[in-house]
Amino acid sequence: MPPHKWTDESRDASCYYEDTTASRLRRPSSSSNSSASVERSDDEADDEREAFCSGERPLIRSSGAAEVNDGCGPKTRHIFGFMGFLGFAVVYAMRVNLSVAIVAMVNQTAIPHSNSSVIDADTCPLPEPNHNGSNPNPQREGEFVWDEATQGLVLGSFFYGYVLTQVPGGRMAELYGGKKIYGYGVLVTAIFTLLTPLAAHWDLPLLVLVRILEGMGEGVTYPAMHAMLAHWIPPLERNKFAAVVYAGSNIGTVISMPLAGWLCSLDFLGGWPSAFYIFGLLGILWFVAWMYLVYDKPSDHPRISASEREYIERCLRLVNQDRLVAEEQDQDEEQDGVNLRGPQEKPIPWSSLLTSVPLWAILLTQCGQGWAFYTQLTELPTYMSNILHFDIQSNALLNAVPYLTSWFVGIACSALADWMLARRYISLLNSYKLWNTVASVVPSLGLIGIIYVGCDWVWVTFMLAGVGSFGGAVYAGNQMNHIALSPRYAGTMYGITNSAANICGFMAPYVIGLIINHRETLTQWHLVFWLAAGLNIGGNFIYLIFASAEEQSWSKTPAPTTTRISRASLRA
């Protein structure tokens, strides 16, 4: 094996696409000498590319290796990734704490049930009493009398605001940089998290409003991060990097669920309100660190090493050669004539975006995955409490385990995906399809498995934490597909698909509330799990048929259409 072949940072994603770049590099010229020179330059570029992709030449020749190690400290992009990871951990902690706290907030015994005899016959048995006759899982009743539909409204209200800011957040990140958009999004979420207990005690409509505003703040985070990844991370690092950064949502859930359950069982700061105060404060502290440590692009960062900046920009430049060629053409035109084309910023091709079949494929599979995810995130604590009869601390702990295992599986699958791409065992498109299928079908089988294991909490936990953990493979599935379709509009595209997927965030709790409708029985919950599994598998089926990994024509820089006027004619 050549000395630099298949090292972590020496291959570029452009080697794994069809070689269409070469034809775009041929430029017409008015002189024969210039034409011969261009042809020789093109041949040299092709030889360089072939040697690079075969592993016979390193990515950055001046370094003698992929990247010069300037010292033992962490790379600047790794600091950016770690802060992004912490940001998602904090926002997810602020998002999911209500799913646990609502168990302590609601007085379940005060809610009327339609037929208590049917419910008693179609639920899991209560835990055996202790020798003194007391319940081994005592639970204090909450102060709010909210039925299932009202609880669904409260849990889903967050997502009404969340979907509103997805597309604007992605576009603002593309135009103005993701640092402030992402940072202020987390800050707004933290502020309204701190106000949640006050709003809940004041009035139900005010609580719903606060949750909507909190969702609007968090809604910009994912598309803003997607736009930043396109500027900071070399293509062959993106699967692993995205798995680590976006896995902050898993870790935030893993930590916040049991912590929120424990806080709700205490008298500290009133019990359940403390879960909102503590996580809101953590969000504000994170914001201060983010604004100091992170910048929009490597070229903006004052503390990045020269070799790391050169490495990142060289990797991204190879993928975006067509854009660089267009810029060179503009320079040549300015030398030979006057370029009257005007501003180079290309407006968003909304009609092309909204009619893009591959983008719709991503959108539909994310909707299926979103429905299954939010069924588990928002409703499973209620299932554990009302059907399996867990106390709030055990409930929160068992609900957190699947997110921990999903994190490990996500990182492992992403590393394996990058390795398979580097070895060229699989194409980029087939890689997306393979891991998206793993992320959709296997967890759906886990949801179906819950139906058949019944009241056995050990098997329920295995279905969620073991089988369901393969949902983490989504980071190597459709999550990076937007950048492949259009690096230029990746943030906007992610905003579109994530908006649609998170509509399920308020639709799923609402529909589940209608299905349960005062009937907390195994039969009704089985309908909930069948629905989630069916939508997840159906969305993946559509993705397998219509997905693409090719950059779309409307994303590419068009051939220049300029009005050329010679300098001689201008003088005349």
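This passage walks through the cavities, one long helix and the salt bridges of the structure above.

The model is a predicted one, so local features are taken only at pLDDT of at least 70 and side-chain atom pairs only at pLDDT 80 or more, while totals for chains, interfaces and linings use all residues. Residues are numbered from 1 along each chain as its sequence is written, and side-chain values use heavy atoms, with hydrogens and water left out.

Cavities come up first. A cavity here is a set of points, on a 1 Å grid over the protein atoms alone, where a 1.4 Å probe fits but cannot get out; its lining residues have an atom within 4 Å of a point. Points are joined across faces, edges and corners, and a volume is the space filled by probe spheres set on them. On that basis, the structure holds four cavities of 30 Å³ or more.

The largest cavity takes up about 700 Å³. Its lining runs to 34 residues, and Gln369, Gly370, Phe373, Gly471 and Val474 sit nearest the centre. Helices H3 (76-105), H11 (248-264), H16 (357-386), H17 (392-422), H18 (428-453), H19 (457-467) and H21 (490-516) each give two or more residues to this lining. Helices are DSSP runs of H or I with at least four residues, numbered from the N terminus. H16 supplies the largest share, with seven residues. By class, the lining of the largest cavity splits into 17 nonpolar, 16 polar and one charged. In this scheme Ala, Val, Leu, Ile, Met, Phe, Trp, Tyr, Cys and Pro are nonpolar, Asp, Glu, Lys and Arg are charged, and the others, Gly among them, are polar.

The second largest cavity comes in at about 110 Å³. Among the residues lining it are Glu148, Gln151, Glu379, Thr382, Pro509, Glu520 and Trp525. Helix H5 (148-164), H16 and H21 are the elements that give this lining two or more residues. Its make-up is five nonpolar, four polar and three charged residues.

H3, one of the helices lining the largest cavity, deserves a look of its own. Its 30 residues reach 43 Å from first C-alpha to last, close to the 44 Å expected at 1.5 Å a residue (the expected span being 1.5 Å times one less than the number of residues). There is still a kink in H3 of about 30°, centred on Val96, with the bend taken as the angle between axes fitted to the seven residues ending at a residue and the seven starting there. Of the 30 residues in H3, 26 are buried, so the helix is largely enclosed by the rest of the structure. Buried means under 20% relative accessible area, with a 1.4 Å probe and protein chains only.

Three salt bridges turn up in the structure, each being a side-chain nitrogen of Lys or Arg within 4 Å of a carboxyl oxygen of Asp or Glu. One pairs Arg77 with Glu308 at 3.1 Å, N to O. Arg77 belongs to H3 and Glu308 to helix H13 (residues 306-319), so this pair ties together parts 231 residues apart in sequence. Arg77 is buried at a relative accessible area of 0%, and Glu308 is buried too, at 1%.

Another salt bridge joins Glu218 to Arg95 at 2.9 Å, N to O. It links helix H8 (residues 204-218), home of Glu218, to Arg95 in H3, 123 residues away; both partners are buried.

The pair Glu214 and Arg211 meets at 3.4 Å, N to O. These two are three residues apart in H8, so about one helical turn separates them. Both Glu214 and Arg211 are buried.

How values were computed:
On a 1 Å grid over the protein atoms alone, a cavity is a set of points where a 1.4 Å probe fits but cannot get out, and a pocket is an open set with protein on both sides within 12 Å along at least five of seven lines; lining residues have an atom within 4 Å of a point. Buried means under 20% relative accessible area, exposed over 50%, partly exposed in between (1.4 Å probe, protein chains only).
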